[in-house]
Protein chains: 2
Amino acid sequence: MAVGDRVDRVDAIAKVTGKARYTDDFFRPGTLVAKYLRSSIAHGRVTGLSVEKARELEGVEAVFTYEDVPPIKVATAGHPYSLDPAHADVADKLLLTDRIKHLGDEIAIVVAENELIADEALALVEVEYEEYPALTTPEKILAPDARKIHEDSSNVVGEHQYECGGKLDEAFELADLIHEEQYYTAMVQHVHLENHTALAYMDDLDHIVVISSTQIPHIARRVVGQALGIPWGRVRVIKPYIGGGFGNKQDVILEPMVAFLTSKLDGQPVRLTLSREECMLCTRNRHPMDFEVKLGMKEDGTAVARMVDVISMTGGYASHGHSIVAAGGSKSCLLYPRMTIGYHARTLYANIPVGGAMRAYGSPQITFAIESAMDDAARKLGVDPVEMRIKNAARQGDINPFSKLPISSCGLVECLEKGRSLIRWDEKREDYRNHKSGKIRYGLGVACFSYGTGTYPVCVEIAGARIILNQDGSIHVQTGATEIGQGSDTAVAQMAAKTLGIPVENVHIVSTQDTDVTPFDTGAYASRQAYVVGNAVYKAATELKQKILDYAALLTGFPAASLDLKGESIVNITDNNTSVISLNDLALSSYYDKEKGGQLTADVSHKTTTNAPSFGCTFVDVAVDIPLCKVTINEIYNIHDSGVIINPVMAKGQVEGGMAMGIGAALSEQVLIDQETGRVHNNNMLDYKVPTFTDVPDIHHDFVETVEPTASYGNKSLGEPPIISPPPAIRNAILDATGVAVNELPMSPQVLFKAFKSHGLLKP
Amino acid sequence: MAVGDRVDRVDAIAKVTGKARYTDDFFRPGTLVAKYLRSSIAHGRVTGLSVEKARELEGVEAVFTYEDVPPIKVATAGHPYSLDPAHADVADKLLLTDRIKHLGDEIAIVVAENELIADEALALVEVEYEEYPALTTPEKILAPDARKIHEDSSNVVGEHQYECGGKLDEAFELADLIHEEQYYTAMVQHVHLENHTALAYMDDLDHIVVISSTQIPHIARRVVGQALGIPWGRVRVIKPYIGGGFGNKQDVILEPMVAFLTSKLDGQPVRLTLSREECMLCTRNRHPMDFEVKLGMKEDGTAVARMVDVISMTGGYASHGHSIVAAGGSKSCLLYPRMTIGYHARTLYANIPVGGAMRAYGSPQITFAIESAMDDAARKLGVDPVEMRIKNAARQGDINPFSKLPISSCGLVECLEKGRSLIRWDEKREDYRNHKSGKIRYGLGVACFSYGTGTYPVCVEIAGARIILNQDGSIHVQTGATEIGQGSDTAVAQMAAKTLGIPVENVHIVSTQDTDVTPFDTGAYASRQAYVVGNAVYKAATELKQKILDYAALLTGFPAASLDLKGESIVNITDNNTSVISLNDLALSSYYDKEKGGQLTADVSHKTTTNAPSFGCTFVDVAVDIPLCKVTINEIYNIHDSGVIINPVMAKGQVEGGMAMGIGAALSEQVLIDQETGRVHNNNMLDYKVPTFTDVPDIHHDFVETVEPTASYGNKSLGEPPIISPPPAIRNAILDATGVAVNELPMSPQVLFKAFKSHGLLKP
């Protein structure tokens, strides 16, 4: 069967040969180019703007400023529409503004024949500002006299607090050890290969068509409608192949603007493509967070209580805002569920680049704090970090203290045991006792994570699938699941093939989403797709299979219950699986018999009302060069319980990619912001240190395959989780090697230098 | 309600402003241009072909000849696939050939960077032929020693014979008058505004995509698959707006070739656009036919027996071949169904341009013969032609002698009475008695027609519709019905609006067919679409409405049976139609409620197993200038029973367009073929005499609206019928004015000159 097999990606050849079409490969004759005029300050107000010279430049089609845009504030976060206004995302973004909230904020936009003219026109625009102090740190933002970044809102975008799994005060009283520490994670960026880009035009019937590199075409459709104040049905969003998103394309950033421009320019096609520098400065980033963790442990390593207080900065606009820190907090409750947990989180506006969704959505930050604290406590108690985790780890049947629901599948203990064995934890740990001094020191680290699959019950989980039996017995599958490079088209093909019982080669996937006709789905995020679209594909394929067998029964006279679809034939299961009719002949009859049949299709929309927990851990072996403040990863393993693995090759790709991003966040990546001015020092690929090919070590992984009962194919989240646990595992390995607790990310040479110096490892 | 209203065409603004995109508006960077090398003889064999110089020309990508194409013969006729091989269309066409069967037959094809280079390359190709005598007339073709035009087939492509409504010999014995005469109709051409054109490329996943100006996208998909010997599911046909087809795009002419070319050229886009001259010579035409009619009448004008013997010439390839003359014959049986009818038809290959489908598919030819014979008999009997037709006309409940089924609706007598009154038949007839001599003579003519709706039971009638309730309460409708200018998108919108109960403005139509996702439908022909897609739209809209009301019941607690959808609200019909929830709120809930609902869609495929008869007549008042041999139409009326009229404005367009084409066929249009060589003299718009604006008189029409019980919206065929009866009505009016029976079409000045001279009206 197709599920579980090493099936080639359906788009493998297209991508390797360059045939795969991305947004910028779409072309309309006469396409105009738009470029933003962006603020050169991080906080203030535009007091003078002169665009006349730009407007008069030959080749300039139009210049629009904050005075020209609809007075409608929208929420850019790529979440489903909320039926409850109280839970809606914060609508705080105008298309253009004179009230500058971060460096690069959008003041005006030029539309020209080509990029050169657009650049020339931008240079002709004159802007005057009144500059305000940049509020770049929690202290500045929360100061009593701090200016409100959004005049109609507090600087605290969101705040919430809860306790679960018991009373926190009482639980801490049971502890033999109370460990308290502060941790910090820096702002990082997604750095997807394909920058944000969108093309819009008005079609034959004056619908606005937006072709966009988006993870969320159906949500983008809605937000464009909202931003322009037009019926949503008049907006059509098309999503071709995408060169990566990682959450940054789970925001609706360019689509409303290109839609606005084409609507103002009589339907002329307008393209808006961000440069890498704009993309890094003015799209979305991972929220930087400050943590205070208090952990209560029994002597034997049993965790009894944990309080986390976190401040997250969302930058100039809310975007996903407080839901990041909320989601990260609640998903972390699954990890050690038999303890009492407290959580207090605040999200602040700040005059820094805007925070949004990024792979694992808050969990990497919170898990860094929690899993660092666990190792700090283990060290104080003299307990083996792996043993301590096994003792506390979630097990199937445990109750999730946050949701109060039982954990439906869990292989975390098996993951820990497998990782311990693979990295030869006990043997090396013994061996490395002799390598804790000198220039090069060796250490082992471990960290765990827990995660969810999808967003239910916080948001609706809806997915659609339509399957058509073609005349030749092959099928076409349309889903709203968006292929963004993660392989969802291939997973869907495997699932449909498995449930129908046909070869995966006979499955054609409609990869491009088109919101006019593609079954509704909210998009690629929250590692939801293989889970929720899996349920929809299963339902559609089951329905279609039943229609096929019913029609076969009509044609052959055998009862449908005695028939099955195997390969390219309908077989009689009561007679040694003998073929009773080929699927091709059945298909031809369904189309062309004059009285019977009809095109056989299944068109389903399914809401998933469960949320499967996934788990896993990282084991890492590091060498730390003390004088060079350099960390070398000797070996690293991620072990995942993601339920049933749909495709081992694609799963490997997901895990390795996530681990590489985690290593970047652990050791080098950081958006450097000047705390005085809010300016960003490194919004380019030279100065922002993504690990290159030579920086990433050999990466290893393995799976513990549980069977998740709420998933039609037994699977759970896998897209995001691999990024979560590498940073704390590396941090814990550095601690093991050096005795130095590095409590911030990234653990760059600069940070290590400071830490090693203050701990006396380096001479001042 | 929307059905029956004068709703604006949904594409009106797009077409008037030029926004509507046709096949040639689709563009892919690097598109290559293909041009055929066509034979300069009508019959023979290529004995030498040298393409090397063409291949070496800079800018030429490739040259393919008859040696390079797949050895697969296909049937180009746009019919559904036949499950019974005995009833399949004749598969006689290779992509390229060395065995020339008509002038312009396709020998080779050049693919170049642009048209100029392609033309230059064609000029470098050297061809040598062995020429055979051109078989251009039935006599030559049927001669015992005639060469077989297709070596593996007789020159008689098809032949059939039947009697219905009694025994013919016995019926003729009851007749007081036997009228026997020969009639002839010439080859005419569709002359749609947009020539045949297609663009093909291979997409990301190596599917072959063909964008084509076709009436039959799903059939084109199948024929491309057959012609290339590849699975049909790997072919995708896209049909954008079309500038007219009239049946000529119900053949699969260019699609297999462009698909072949792109598959040979590694997926590069290739465009193949015919010139007007090629289009007139090498696509399809209306079959010329020779008739022998024998009509038996009672003295009082009761028709008792009719035998028609017809020879049709299909040209060099079968295309729709014998089915044209078969369909025309069977549909004419409905007109005077209480008589005995005999029919013998043969279709011949000939070395003339290929015959295919054209508006009304054989009926114009056969009806010219029958309705001319009726007037000839009326004249001999001294009976009023209108009275005679009323006496014999079909009435509701009559049995169709051919199908043996009752005629389910019929307003033919009312049509005749309405037309007689509108043209003031009796008054003018009296008046014109004094205008039968001199230079200008006046006359009145009448002719009737009968027609079917769709092709059942000859072919399958399948239509699909998918309707989506959008988030904003509007709907998107996808159907396989192809808009080819006739207004089907608008009719579908009206039907969906009516059944759902929503404003037609809230209906969005997906106009472009895409065979990967568009519900299956065999296309635009046989005046089938409003009838068969109407049944599918009704079913889909009814299903969607029930889903909406069921969901409203769930949300509001009212029983679904007490609810209805009116405008933009769900109302309680048991409480004065008070609104219980807006459709917009219901839609939002269906999408976004976390547990209930789901995207509401209906996806249906429906087979129609009925065939509704439509009827009508033409009344015309002419002045004939004897010396100039010129006919002036003073007044002309078409009166139609097409059941319920979906949209009076669009219906008017159909009727007026059809009448104008009928007038052209009556008076001026003819493809002039040299009987010796098979050469065509006038395959261009200068020499082929389509009536221009000044040639078409004011055209009048009216409807007799019956309600057809087998149609969901009470409608019957209207697209084709208006062309049928004008030519015989004009012929009968000329007879009335001059006493000269002109028994051939067109009744051009040349033909009239000959006729008037032989009748002594003009001095020799």
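Trainee: What makes domain 1 of chain A and domain 2 of chain A count as being in contact in this predicted model?

Mentor: The contact takes in 13 residues of domain 1 of chain A and 16 residues of domain 2 of chain A. These count because residues in contact have C-beta atoms, placed from the backbone, within 7 Å.

Trainee: And which classes of residue make up the side of domain 1 of chain A that touches domain 2 of chain A?

Mentor: That side of domain 1 has 5 charged, 4 polar and 4 nonpolar residues. The centres of domain 1 and domain 2 of chain A, over C-alpha atoms, are 38 Å apart.

Trainee: Where do the domains of chain A lie in the sequence?

Mentor: The assignment places domain 1 at 31-132, domain 2 at 289-456 + 610-758, and domain 3 at 462-607.

Trainee: Now the two chains. How many residues does each chain bring to the contact, and which element of chain A gives the most?

Mentor: Chain A and chain B bring 53 residues each. On the chain A side, β24(A) gives the most, with 5 residues. Elements supplying at least two residues include β17 (462-469) and α16 (583-592) of chain A. By class, the chain A side holds 23 nonpolar, 17 polar and 13 charged residues.

Trainee: How do you know that the copies are related as by a two-fold rotation axis?

Mentor: Chain A superposes on chain B by a rotation of 180 degrees, with 0.0 Å of shift along the axis and an RMSD of 0.0 Å. The two copies are therefore related as by a two-fold rotation axis. In chain A, D603(A) has the C-alpha nearest the axis, at 3.4 Å.

Trainee: What makes it the same surface in both copies?

Mentor: Of the contact residues of chain A, 100% recur in chain B.

Definitions and conventions. Residues numbered from 1 in each chain as written. Chains lettered and ligands numbered in written order. Predicted model: local features only at pLDDT ≥ 70, side-chain atom pairs only at ≥ 80, totals over all residues. Domains from an automatic or database assignment. Contact = placed C-beta atoms within 7 Å. Nonpolar A, V, L, I, M, F, W, Y, C, P; charged D, E, K, R; others polar. Helix = DSSP H or I, 4+ residues; strand = E, 2+ residues; numbered from the N terminus. Least-squares fit on C-alpha atoms with pLDDT ≥ 70 in both.
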